[in-house]
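Ready for a few exercises in reading a protein model? Keep the structure open beside you, try each task on your own, and then follow the solution step by step.

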Amino acid sequence: MDYAVRGRIAIEADRIADELRSKEGSSKHPFDHIIYTNIGNPHAVQQKAITWPRQVMALLQLPDALGIDHPNVSKLFPEDAIQRAREMKKALGGHGIGAYTHSKGVREFRQDVASFIENRDHAEKGSVDVENIFLTAGASEAITMLMSALIKDSNCGLMLPIPQYPLYSATLDLLGGHKVGYYLDEQSNWGLNMRELERSLAEAKANGINVVGLVLINPGNPTGQVLSGDEVKDIVAFCAKNNLVLLSDEVYQENVYREGDEFFSSRRAADELGLIKNDAIQLCSFHSVSKGVMGECGQRGGYVEMVGIDNEVNDCLYKLAASKLCSNAPGQAMVSLMCRGPNPGDVSYDSHRREKEAVFEGLKDRARLVSSGLDSIPGFSCQPATGAMYCFPSVEMPPGAIKASNELGFSPDTLYALDLLQSTGICVVPASGFGQKEGRFGFRTTFLSPESKYVVDSIRDHYEAFCSKYSN
């Protein structure tokens, strides 16, 4: 099991960071801090928390006498935050967020998720069942739970995009299942080709693999593309036709930057195709508070909403969730606040909207800056980042780098990423950790850091030196 995002390069970055904090070690390196662009962790790179959700969370954490019932509480917190905290504490049974909850999550919080999905997808009111929603410790826990239920033996396989977020491949390795890869088309901005899906499935079946599901990541990680509604419908129809459970990773649904693009959920596609009404699709959709504009990674809040999953399977998933008692209550609360913010007319509504817009515009500007900047480096090719939080450039490797990496026993882009880190303090993830076509090399970087321009300029200068160092 290998999880590249926190693998060899990140471990070395942490070691160097420890050295930089000591008097003796700080003089060893030509930089004074590590710039962690290896992981989508917004608050770690200076993104500010959105105020209103944190105000409500503070009131949830405080004992009532020091919070919602304090005589001066209205001098410290806006009225809409106070009222929401009262409502949420009631939903928590009066116990606050220090007690266990229902194993699926607080019912009222799950109702907020259901209403959010209905509003987002223009679905019929009441069509999303709260009993088909589990609140989890981030989307990752939900994904792992569903994959554990799907992969019953070593003959089972799961279709994964290449490249893809390594949680999927690492978890499949742990469960002993088969990775059935389908390649995204880099030259068409990492688009999906239905012929490629058909090829991948047919090849796996010919090899005797029982393909049980397909993973879709939209917007893409690490590739940063946003699929159109028609493309999503094609994938949903493909899964329905082939009786595949669709695992739809939609944690970047708020991160859509290009004019004219919009996020189109797999659930909406299934609904518009009539597949939900006809019980003709098995779909599990994931979302999280860690991405979007909230970036609340440390809160560990997420959800899965299921469509077309048998009640017996739902009961088994409940047993899996119950074995952990429940996901953390603060994370559940943050999911509720993500799905239902201040109402129009509330005292915090305008400021909340402005804060979210400011974060979004910053991400949008840096997406353009980093993707175009990397693409302009001779020897690099980088598709536009129209969504998510990442760029995934390909990099031409000099002959000496390929030879040296073979001697060291790891990939050329691992050698490149290690050299970049040791020369500049910039921590990226080798593209080999996400999967890629044979002979392609590159890396994934976020565009979260306010130092993004410096990062691009440093990568440009370093690559010239790297090519000279490994020219033959």
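**Exercise 1.** Is Lys469 buried or exposed, and which residue is its salt-bridge partner?

*Solution.* Keep in mind that this is a predicted model.
- Step 1: Look at the accessibility of Lys469, which is 54% in relative terms. The cut-off for exposed is over 50%, so Lys469 counts as exposed.
- Step 2: Search for the partner. Lys469 forms a salt bridge with Asp419, and the closest N and O atoms are 2.7 Å apart.
- Step 3: Place the pair along the chain. Lys469 belongs to helix H17 (residues 452-469) and Asp419 to helix H16 (residues 412-424), so this link joins distant parts of the chain, 50 residues apart.
- Step 4: Check the partner's surroundings. Asp419 has a relative accessible area of 8% and is buried.

**Exercise 2.** Find the distance between the N and O atoms in the salt bridge of Asp64 and Lys89, then work out which parts of the chain the pair ties together.

*Solution.*
- Step 1: The closest N and O atoms of Asp64 and Lys89 are 2.6 Å apart.
- Step 2: Asp64 sits in the loop between helix H3 (51-61) and helix H4 (73-76), while Lys89 sits in helix H5 (residues 79-91), so the pair ties together parts that are 25 residues apart in sequence.
- Step 3: Compare the accessibilities with the cut-offs. Asp64 has 34% and counts as partly exposed, whereas Lys89 has 11% and is buried.

**Exercise 3.** Where do Arg15 and Glu19 lie, and which residues share a salt-bridge network with them?

*Solution.*
- Step 1: Both Arg15 and Glu19 lie in helix H1 (residues 8-20), four residues apart, which is about one turn of the helix.
- Step 2: Their side chains meet in a salt bridge of 2.8 Å, taken from N to O.
- Step 3: Arg15 is partly exposed at 37% relative accessible area. Glu19, at 17%, counts as buried, since the cut-off for buried is under 20%.
- Step 4: Now widen the view. Salt bridges with shared partners join Glu12, Arg15, Glu19 and Lys28 into one network.
- Step 5: For the full picture, a search of the whole structure finds 31 salt bridges.

**Exercise 4.** What is the strand order in the open sheet of seven strands, and which strands stand at its edges?

*Solution.*
- Step 1: Read across the sheet. The order is S2-S8-S7-S6-S5-S3-S4, and the pairing is mixed.
- Step 2: Strand S2 (133-136) and strand S4 (178-183) each have a single partner strand, so one side of each is left without a neighbour in the sheet. These two are the edges.
- Step 3: Follow the twist, which averages 20° from one strand to the next.
- Step 4: Zoom in on one pair. Strand S3 (residues 156-162) and strand S5 (residues 210-217) are parallel and paired over four bridges. Met159 stands opposite Leu214 in S5.
- Step 5: Add the helices. Helix H9 (residues 194-206) lies across S3, S4 and S5, and runs at about 155° to S4. Helix H10 (residues 229-241) lies across S3, S5 and strand S6 (245-249), at about 165° to S5.

**Exercise 5.** Which strands form the edges of the open sheet of three strands?

*Solution.*
- Step 1: The order here is S10-S14-S13, with antiparallel pairing.
- Step 2: Strand S10 (390-391) and strand S13 (429-430) each pair on one side only, and they are the edge strands.
- Step 3: Two bridges join S10 to strand S14 (residues 443-446). Cys391 has Thr445 in S14 as its bridge partner.

**Exercise 6.** At what angle do the axes of H1 and H16 cross, and how do H3 and H13 cross?

*Solution.*
- Step 1: The axes of H1 and H16 come within 10 Å and cross at roughly 15°. Angles under 35 degrees count as roughly parallel, and therefore H1 and H16 are roughly parallel to each other.
- Step 2: H1 passes H16 in a right-handed crossing.
- Step 3: List the residues that meet. Arg8, Ile9, Glu12, Ala13 and Ile16 in H1 meet Thr414, Ala417, Leu418, Leu421 and Gln422 in H16.
- Step 4: Turn to the second pair. The axes of H3 and helix H13 (residues 329-339) come within 10 Å and cross at roughly 145°, and this crossing is right-handed.
- Step 5: Among the residues that meet there are Trp52, Pro53 and Val56 in H3, and Pro330 and Ala333 in H13.

Notes: Residues are numbered from 1 along each chain as its sequence is written. This is a predicted model: local features need pLDDT of at least 70, side-chain atom pairs count only at pLDDT 80 or more; totals for chains, interfaces and linings use all residues. Side-chain values use heavy atoms; hydrogens and water are left out. A salt bridge is a side-chain nitrogen of Lys or Arg within 4 Å of a carboxyl oxygen of Asp or Glu. Buried means under 20% relative accessible area, exposed over 50%, partly exposed in between (1.4 Å probe, protein chains only). Two strands pair if DSSP finds at least two bridges between them. Axes are lines fitted to C-alpha atoms, for helices over the stretch in contact, and angles run from 0 to 180 degrees between N-to-C directions. Contact means heavy atoms within 4.5 Å. Angles under 35 degrees count as roughly parallel, over 145 as roughly antiparallel, 65 to 115 as roughly perpendicular and the rest as oblique. A crossing is left-handed if the near helix is turned anticlockwise from the far one by less than a right angle, and right-handed if clockwise.
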